[in-house]
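Student: Could we work through this model together, going from the chain as a whole to single residues, with the reasoning spelled out at each step?

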Amino acid sequence: MLKLENIHVNYGQFEVLRGISLEIHEGEIVALLGSNGAGKSTTINTIMGLTQLREGDILFNGESIKDLRTHERVQKGIVVCPEGRKLFPHMSVYDNLLIGSYSPHARAKRAENLDLCFQLFPKLYERRNQAARTMSGGEQQMCAIARALMSDPKILMLDEPSLGLAPVIVQKIFDTLVEINKKGLTILLVEQNVMASLEIASRGYIIETGENIINGEAQEMLHSEDVKKAYLGI
C-alpha cells in the first residue's frame with residue numbers, strides 16, 4: 001500500500017535520512033521505531049510532503065506521490081495524527097473533530113465517522129462541548145486520533161501517540177488502535193515505546209541516525225537478542 005524507496009532528506013547540509021526503505025501492506029499495523037532523533041518524525045513528514053525529498057521515491061498503491069502537495073496526499077487517504085496532538089485548544093472537542101473532515105470526500109462521510117469516533121472514544125462524546133485544552137493528556141490524545149479518523153483515511157500514521165501518557169492510558173490507546181485496525185484501517189505507528197508497539201504490530205522497522213537497522217516480523221523482533229539489548233534494556 002505504501003512503499004518508501006531509498007529515501008534521502010537533508011536539513012540544510014545535514015543529512016537526516018540516509019536511504020530509508022520500508023513497506024506497509026494493506027490491513028497491517030507496522031511499527032516504525034527508534035530513539036529520539038533517529039529520523040522517525042522526519043520520515044512521517046516526508047511521507048506527508050512536509051519535508052523536501054532529496055533522493056528516492058514514495059509509492060502509494062503503486063503510484064509515485066513524491067511530487068504531490070500535502071493536501072493532495074490527504075485526499076488520497078494518507079493521514080497523520082501528529083506528535084504533540086496539535087489540537088485547537090480553545091475550540092470544543094466537537095469542532096476539533098469537524099476540522100478533520102474538511103475535504104469533500106471526508107465531509108460526505110462526516111456523520112458516519114463521527115459516530116465511529118464516539119463509539120471508539122465514549123469520553124469524547126461526554127466532553128464534546130468542552131474546550132480541548134481543559135481535558136487530560138490522554139483525552140486530548142484520543143481527540144487527536146479521532147480528528148485524524150474524521151479525515152476518512154486509508155492509512156493512518158501516528159507520531160508518538162504514547163508520549164507523556166501514563167502506562168494505563170497508553171494501553172487503552174494501543175487497544176483502540178488494534179480495534180481500529182480490525183475494522184480494516186492500515187496503520188503506521190511511529191514510536192519510541194518499542195515493546196508496546198511490537199506487541200500490537202504485524203511487522204516492525206527500527207531506524208537509527210536516519211538508516212534502517214533492523215526489520216522483520218514483530219514477534220521475532222520482540223525475541224531478538226539485538227533488540228532486547230539495544231532497545232528493551234534486557
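**From single residues to the whole chain**

Tutor: Let us begin with one residue of this predicted model: Ile 99 has a relative accessibility of 32% and therefore counts as partly exposed.

Student: In which helix does Ile 99 lie, and with which residues is Ile 99 in contact beyond its neighbours within four places in sequence?

Tutor: The helix that holds Ile 99 is α3, covering residues 93–99. A separation along the chain can also be set beside one in space: Ile 99 and Asn 129 are 30 residues apart in sequence, and their C-alpha atoms are separated by 15 Å. Once the neighbours within four places are left aside, the contacts of Ile 99 are Phe 88 and Met 91.

Student: What radius of gyration does the chain have, and how does that value stand against the one for a compact globule?

Tutor: The secondary structure of the chain comes to 11 helices and 10 strands, and the C-alpha trace spans about 45 × 40 × 30 Å along its principal axes. For 234 residues, a compact globule would have a radius of gyration near 17 Å, and the chain agrees with this, having a value of 17 Å.

Student: What percentage of the contacts between residues at least 6 apart in sequence join residues at least 24 apart?

Tutor: Burial gives some background here, since buried residues make up 52% of the 234 residues in the chain. Taking the contacts in the chain between residues at least 6 apart in sequence, the share that joins residues at least 24 apart is 66%.

Student: Is helix α1 largely enclosed, or largely open?

Tutor: Helix α1 runs over residues 40–47, and its buried residues are Lys 40, Thr 42, Thr 43, Ile 44, Thr 46 and Ile 47. Just after α1, Gly 49 takes a positive phi of about 80 degrees. Because six of the eight residues of α1 are buried, the rest of the structure leaves this helix largely enclosed.

Student: Which residues does Lys 3 touch, not counting those up to four places away in sequence?

Tutor: Lys 3 is placed in strand β1, residues 2–11, and counts as partly exposed because its relative accessibility is 32%. Its C-alpha atom is 6.4 Å from that of Ile 24, although the two are 21 residues apart in sequence. With residues up to four places away not counted, Lys 3 touches Leu 22, Glu 23, Asp 57, Ile 58 and Leu 59.

Student: How are the planes of Phe 118 and Tyr 125 arranged in their aromatic pair?

Tutor: A search of the whole structure finds one aromatic pair, formed by Phe 118 and Tyr 125 with 5.2 Å centre to centre and 75 degrees between the planes. Phe 118 is buried, with a relative accessible area of 13%, whereas Tyr 125 is partly exposed at 43%. Since planes over 60 degrees apart count as edge-to-face, the arrangement of Phe 118 and Tyr 125 is edge-to-face.

Student: Is Asn 61 buried or exposed?

Tutor: Asn 61 is found in the loop between β4 (55–60) and β5 (63–64), and its phi is near 50 degrees, a positive value in a residue other than glycine. With a relative accessibility of 51%, Asn 61 counts as exposed.

Student: Where is Thr 209 placed?

Tutor: Thr 209 has a positive phi of about 45 degrees although it is not a glycine. Its relative accessibility is 48%, so Thr 209 counts as partly exposed. Its place is in the loop between β9 (203–208) and β10 (211–217).

How values were computed
Residues are numbered from 1 along each chain as its sequence is written. This is a predicted model: local features need pLDDT of at least 70, side-chain atom pairs count only at pLDDT 80 or more; totals for chains, interfaces and linings use all residues. Side-chain values use heavy atoms; hydrogens and water are left out. Helices (H or I, at least four residues) and strands (E, at least two) are DSSP runs, numbered from the N terminus. The radius of gyration is taken over C-alpha atoms; the globule rule is 2.2 Å times the number of residues to the power 0.38. Buried means under 20% relative accessible area, exposed over 50%, partly exposed in between (1.4 Å probe, protein chains only). Contact means heavy atoms within 4.5 Å. Rings of Phe, Tyr and Trp (its six-membered ring) pair if their centres lie within 6.5 Å; planes under 30 degrees apart count as stacked, over 60 as edge-to-face and the rest as tilted.
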